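Hi,

Here is the structure I promised to pass on. Have a look at it first, and my notes on salt bridges and one of the pockets follow below.

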Amino acid sequence: MAKSKIGLWLIGAGGGVACTSILGLCALRKRLAPAWGLVSELERFHHLELPAWEDFVVGGHEIRPVRLVDEVLRLATESRAIESSLISQCRAELERIDRRLRPGVAWNVGATIASLAGPDVPQHEPPADAIERVQNDLKEFARQNDVEHVIVVNVASTEPPVDDASLPTRWLDLQRLLRRPRRCPLRASSLYAIAALDLSCSYINFTPSLGSVPPAIHELALLRKTRHMGRDGKTGETLLKSVLAPMFARRNLRVMSWVGHNIFGNMDGQVLADPANKQAKVASKDHLLREILGYRPQTHVSIEYIESLGDWKTAWDHVHFQGFLGTPMTFQFIWQGCDSLLAAPLVLDLARFAALAWRRGETGRLTFLASFFKSPDGVEEHDFTRQFQMLEAWAGTCSPLAE
C-alpha cells in the first residue's frame, strides 16, 4: 500500500472510549505498549496491507468543553485503569490533537445529552446547517493535515431510539426532510453519518444510536461510492453471549431464561441512567439470544449507573436451562472489565480494516466487520465464531496470492 495519511475523526472525541483510543494510538506509535486486544494484530491478518499506526491523523467533534489530557488523567486517577506515566509520555501528542477538536452537534440528542453541551455548541441548529458545519470541519481537517481519506467513527453517548420505519427509504426524500426541521426525527448520529458519507468519507457507528442504519442513508453511501458499518461495539457481556449461546444451541440445551445485570459508573453509564437513552442500549443487548437460539427465552437486561465504579463495568449473568430428562440447571458468570479499554482497540481495528476496504474500492455496508458489533447492520448472523469467519474470509480475498 502506498503510504498516505488517513484521517481518524472521532465523534464524541472527549469521551472515555475516544480518549483511550487516542492514547492507545499514541502509545502504539511510540512502542510504549503491547498490542493485546487488537484483532488486526493477530498473525492471521499480518498479510494485510493495513495502515501503520503512524499513518493516522486524529481529529474529532465533542459537545462538552473538555481537554483530552484531563479525561485520560481521570481514567488514571479515578478509575485506575491506566498508568499516569503513559499519559506523561504522550501528553504533547494529546495536546496537539486537542487543537483539532471542534464543537459537535446536539440536534435532537435528547435532554440528558443536550445538558452536557458547552456554550459553543448550537442547541437549535437546523439539521441541514449542522451537516454543512460538520462537512466544513471535515474538509478543513483533511486540507490542513494533507489527509487522503477520512474515517469517521461515532463513539459518542447513546441517543434515544428513533422509529426508523417511519423514515423515507430513498435518499432524495430524506434530503428534503432535512430542510424541514420540525418534521425531521433524525438525531445527531445520523446527521454525522450523512455529512461523512456525502463527502465520501467512511463512517463507522460504534454506538447503539441510529447512525447510518436507515436505507436512505445506505443509498447515499452507494451513490457516493463509500462505505459504512455499525452498530454498537461488542466488547463485554454481549460478546460472551454471542460465544456461549451457540454452545447451548449446539448441545440442544434449552435456555429457559437469561438475565443480565450490568453496573458501571462512567459517562456512558450516566447517560444510560436516563430511561430514554437506556432503551436503545437494552434493545441492542437483548435481541441477540433469540436470533442465535431460534426461540425466545425469557430475558431481562438491566443497566445501572453506579458512580463509584468509574470506568469499571461488572456484568452478572444467570442462565437457567434444561438438560437431559428436562432437568433444570444453572450457569452463571461474572464479567468485569474496564469499559474504555475493552472498546478502544476495536475502534482502532475498525479504522484499519475500513481504510483497507477504502483502498480496495469496497462500497456499501462492510458486513465482514460483523463480529465487532452487537447489532451488525445488514447481517443476520450473531454467532461470534461464524461472524469472525466472515472477517477471515474477507481477509483471504485481500491476500496478494488472491489478487
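A quick word on terms before the details: a residue is called buried under 20% relative accessible area and exposed over 50%, with partly exposed for anything in between. Also keep in mind that this is a predicted model.

Salt bridges first. Side chains of opposite charge can pair when their charged atoms come close. In this model the count comes to 25 salt bridges, and I picked out three pairs for you.

Take Glu 41 and Arg 352, whose side chains form a salt bridge with an N to O distance of 3.4 Å. Glu 41 sits in the loop between helix H1 (16–29) and strand S2 (56–62), while Arg 352 belongs to helix H13 (residues 339–359), so this pair ties together parts that are 311 residues apart in sequence. With a relative accessible area of 28%, Glu 41 falls in the 20% to 50% range and is therefore partly exposed. Arg 352 is buried, at 7%.

Then there is Glu 140 with Arg 143, a salt bridge in which the closest N and O atoms are 2.7 Å apart. Both residues are in helix H5 (residues 127–144), 3 residues apart, so about one helical turn separates them. Glu 140 is partly exposed at 31% relative accessibility, and Arg 143 is exposed at 57%.

What about Asp 339 and Lys 313? Their side chains meet in a salt bridge at 3.1 Å, N to O. Asp 339 is in helix H13 and Lys 313 in strand S9 (residues 312–322), so the pair links parts that are 26 residues apart in sequence. Are these two buried or exposed? Asp 339 is buried, with 8% relative accessibility, and Lys 313 is buried too, with 13%.

There's also a network: Glu 62, Arg 64, Glu 71, Arg 74 and Glu 78 are joined into one by salt bridges that share partners.

Now for the second largest pocket, which has a volume of about 690 Å³. Its lining is made up of 30 residues, and those nearest the centre are Trp 36, Gly 37, Leu 38, Leu 341 and Pro 345. Which elements give two or more residues to that lining? They are H1, strand S10 (328–338), H13 and helix H14 (384–397). By residue class, the lining of this pocket divides into 23 nonpolar, 6 polar and 1 charged.

Helix H13 turns up in both parts of these notes: Arg 352 lies in H13, and H13 also helps line the second largest pocket.

Cheers

Terms used: Residues numbered from 1 in each chain as written. Predicted model: local features only at pLDDT ≥ 70, side-chain atom pairs only at ≥ 80, totals over all residues. Heavy atoms only, no water. Salt bridge = Lys/Arg side-chain N within 4 Å of Asp/Glu carboxyl O. Helix = DSSP H or I, 4+ residues; strand = E, 2+ residues; numbered from the N terminus. Buried < 20%, exposed > 50% of the residue type's maximum accessible area, 1.4 Å probe, protein only. 1 Å grid on protein atoms, 1.4 Å probe; cavity = no way out; pocket = protein on both sides within 12 Å on 5 of 7 lines; lining within 4 Å. Points joined across faces, edges and corners; volume = space filled by probe spheres on them. Nonpolar A, V, L, I, M, F, W, Y, C, P; charged D, E, K, R; others polar.
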